[in-house]
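This report walks through selected local features of one structure and the confidence attached to them. Please keep the sequence and the coordinates open while reading.

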Amino acid sequence: MLFTSYGFVAFLCALFVVYYVVPKKAQWWLLLGASYVFYAFAGLECLAFILVTTVSSYFIARVMDGMRRREEDYLTVNRDKMEKEERKKYKTAAKKRRFLVLIAGLVLNFGILAVLKYTAFALNNVNSVIGLFGGRRISIPELILPLGISFYIFQTMGYLIDVYRQKTEAERNPFRLALFVSFFPQLIQGPISRHSDLAPQLFAPHKFDSRGFGYGIQRILWGYFKKLVIADRVMVAIKFLLNDGAPMSGFYVLLLILIYSIQIYADFTGGIDITIGIAEALGIRLKENFKNPFSSKSTKEYWNRWHITMGTWFTDYVFYPLSVCKPMLKLSKFSRRVFGNNVGKRIPLYTATIVTWFLTGLWHGASWNFIVWGLLNCAVILVSQELEPLYKIFRAKFPRLTGSWGYGKFMAIRTFLLMGLIRSLDCYRNVRMTFSMWWSMISKQNIGRVFRQFGAMISSPEKNTFLGLSLSDCIIVAVSVMTVAIVSSMSAKESVRERLYKKPVLMWSLCGLLFFAIILFGAYGIGYDASQFIYDQF
């Protein structure tokens with residue numbers, strides 16, 4: 001059941017009505033049932049996998065929590081009988097036992113994800129090596145990939161790690177944990193929530209609040225506007241530029257970078273707006289996943305604003321633990337002794353950063369283009385860190401220039417283009433082809449040919465289109481993108497919704513206008529495809 005389907009809209013309307021009619025104590029049961037109905041539309045066989053994750057995580061968390069309580073009771077009873085060193089040894093041994101239980105849960109669930117999502121990728125690479133030696137290829141099994149498995153497994157494994165770290169209590173009711181794992185608005189593309197943030201809201205009674213419900217409906221409409229009016233419409237231009245596996249080169253690569261940046265932003269943030277809007281209409285507040293990323297002045301800042309919950313997940317559960325684990329501490333000592341303090345202290349940091357970004361790329365998709373995408377982001381961030389002393393000198397020497405409005409815009413545009421260039425690996429899905437397309441942008445031979453083709457395409461009276469889009473489509477996209485940019489810049493300073501709430505007539509008039517804009521200008525019908533959200537395709 002896609003967010004953009006009529007069936008989902010009907011499902012959502014019915015849920016909103018019933019949710020505020022049933023007794024407050026039954027609301028979370030209703031959400032659980034709705035989540036499983038929603039998930040069943042993706043295929044009944046998918047339910048088996050989410051149930052395995054839910055049941056295994058429930059018992060593993062309870063086992064860890066029980067072990068911790070017994071340890072605390074034992075220490076309380078025997079505190080006077082044990083020396084300080086004995087207590088320390090007991091705590092260390094007890095923590096190790098709980099850690100082994102945690103590892104069992106992580107291996108089981110990440111193992112399921114690895115088998116379903118990465119088996120074909122791994123065997124394809126093995127077959128490539130076998131082919132070099134003339135060996136017999138291994139047959140690749142056809143495996144299903146359950147809806148949102150990357151998101152719900154990461155969210156649930158974060159819960160297990162937090163229970164181990166004693167940052168959240170183990171859920172005693174298995175059905176409550178089932179709702180946390182399967183809460184349907186965020187199943188497709190996040191945000192990735194923490195149990196301590198989301199669970200209390202899921203199980204609290206919620207009275208109908210016209211303000212919160214109105215905010216939710218506004219956010220849902222805004223998300224559909226981004227998705228249907230912008231993202232699905234410019235998809236036509238992207239398909240035109242990719243040209244069925246024979247992509248247009250040279251200047252067209254720059255066009256693809258610009259258009260795809262608009263498309264993925266409208267698609268992904270549109271989906272997140274719908275998700276957050278649904279939750280808000282139900283009285284539940286989810287974490288923001290985007291904060292004006294295209295205004296970022298550096299790659300590091302960009303990743304603090306784009307897909308925020310994914311970034312914090314990898315930071316908290318991969319980068320930090322990896323940075324302070326025993327093997328990394330040993331590597332740090334060895335590196336400082338062999339290479340000196342200045343170089344040696346960087347090696348563990350760089351190692352943890354590279355591993356984190358490698359896994360981030362792999363999480364996005366089971367192919368080399370995503371791995372290279374992650375490593376290129378990593379390289380840019382590390383190079384920027386190394387050049388920071390030079391940046392400081394430059395800023396100190398030219399304070400008027402670096403503090404000016406124009407320089408800030410230059411840095412934002414530079415970051416936008418750099419991220420767009422790396423992001424083009426998503427489009428071509430082939431590392432060699434992507435690098436070839438990048439080279440074509442600066443090749444003299446290609447530049448002249450492409451500009452001639454570009455001029456012919458614009459002046460062609462036969463097609464009367466630009467990149468497969470009609471003049472009216474181009475106008476709709478331009479006006480819509482400007483609208484999104486203006487609203488985003490306004491919301492960065494002061495909540496647009498708060499200001500509109502004080503003027504209800506204007507607020508609901510704008511909602512009505514937004515609704516009719518979606519109906520009239522949404523990309524429906526022949527030539528368009530109200531496709532699933534991009535992050536649901538990985």
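## Arg 176 and its surroundings

Leaving aside residues up to four places away in sequence, Arg 176 touches Trp 28, Glu 171 and Phe 203. The model discussed here is predicted, and the placement of this side chain should be read with that in mind. Arg 176 belongs to helix α6, which covers residues 174–182, and it counts as partly exposed because its relative accessibility is 25%, a value that falls between the limits of 20% for buried and 50% for exposed.

Two of the three contacts of Arg 176 involve aromatic rings over which the arginine is placed. Its charged end sits over the ring of Phe 203, at 4.6 Å from the ring centre, and Arg 176 also lies over the face of Trp 28, where the distance to the ring centre is 5.0 Å. In sequence Arg 176 and Trp 28 are 148 residues apart, while their C-alpha atoms are 8.1 Å apart in space.

## Helices α5 and α7

Phe 203 is also listed among the buried residues of helix α7 (residues 195–203), together with His 195, Leu 198, Ala 199, Gln 201 and Leu 202. The elements that cover these buried residues include α2 (27–40), α5 and α6.

Helix α5 spans residues 149–164, and at 1.5 Å a residue its 16 residues should extend over 22 Å, which agrees with the 22 Å between its end C-alpha atoms. Helix α5 is mostly covered, with 16 of its 16 residues buried. Just after α5, Gln 166 adopts a positive phi of about 65 degrees.

## Asn 109, a buried polar residue

Asn 109 is located in helix α4, which runs over residues 84–132, and it counts as buried because its relative accessibility is 0%. Which side chain does the side chain of Asn 109 meet in a polar contact? The partner is the side chain of Thr 53, at 3.0 Å.

Beyond four places in sequence, the residues touched by Asn 109 are Thr 53, Ser 56, Ser 57, Ile 153 and Met 157.

## Aromatic pairs and a cluster

The structure holds 49 aromatic pairs. In one of them, Phe 110 and Trp 313 meet edge-to-face, with 6.5 Å from centre to centre and 85 degrees between the planes. Phe 110 lies in helix α4 and Trp 313 in helix α11 (residues 308–324), so this pair ties together parts that are 203 residues apart in sequence. The two partners are described differently in terms of solvent accessibility: Phe 110 counts as partly exposed at 26% relative accessibility, whereas Trp 313 counts as buried at 4%.

Another edge-to-face pair is formed by Trp 357 and Trp 373, with 6.3 Å from centre to centre and 70 degrees between the planes. This pair links distant parts of the chain, with Trp 357 in helix α14 (residues 346–364) and Trp 373 in helix α15 (residues 368–397), 16 residues apart. Trp 357 counts as buried at a relative accessibility of 11%, and Trp 373 is buried as well, with a relative accessible area of 6%. Both tryptophans take part in one aromatic cluster, whose other members are Tyr 265, Phe 268, Phe 290, Phe 294, Tyr 302, Trp 303, Trp 306 and Phe 416.

## Ala 237 and a long-range contact

Ala 237 is found in helix α8, which covers residues 210–242, and it counts as buried because its relative accessibility is 1%. Not counting residues up to four places away in sequence, Ala 237 touches Ile 259, Leu 467 and Leu 469. Of these partners, Leu 467 is 230 residues away from Ala 237 in sequence, yet the two C-alpha atoms are 5.0 Å apart in space.

## Confidence

For the chain, the mean pLDDT is 87, and 92% of the residues reach 70 or more. Confidence is highest in α6, at 96, and lowest in helix α19 (residues 444–459), where the mean is 57. Arg 176 thus belongs to the helix with the highest confidence in the chain.

Over residues 525–531 pLDDT stays under 50, and for this stretch the model has 16 contacts beyond four places in sequence.

Technical notes:
Residues numbered from 1 in each chain as written. Predicted model: local features only at pLDDT ≥ 70, side-chain atom pairs only at ≥ 80, totals over all residues. Heavy atoms only, no water. Helix = DSSP H or I, 4+ residues; strand = E, 2+ residues; numbered from the N terminus. Buried < 20%, exposed > 50% of the residue type's maximum accessible area, 1.4 Å probe, protein only. Polar contact = N/O pair within 3.5 Å; in protein donor to acceptor, adjacent residues only side chain to side chain. Contact = heavy atoms within 4.5 Å. Phe/Tyr/Trp six-rings, centres within 6.5 Å; stacked < 30°, edge-to-face > 60°. Lys NZ or Arg CZ within 6 Å of the ring centre and 35° of its normal. Expected span 1.5 Å × (residues − 1). pLDDT = per-residue confidence, 0-100.
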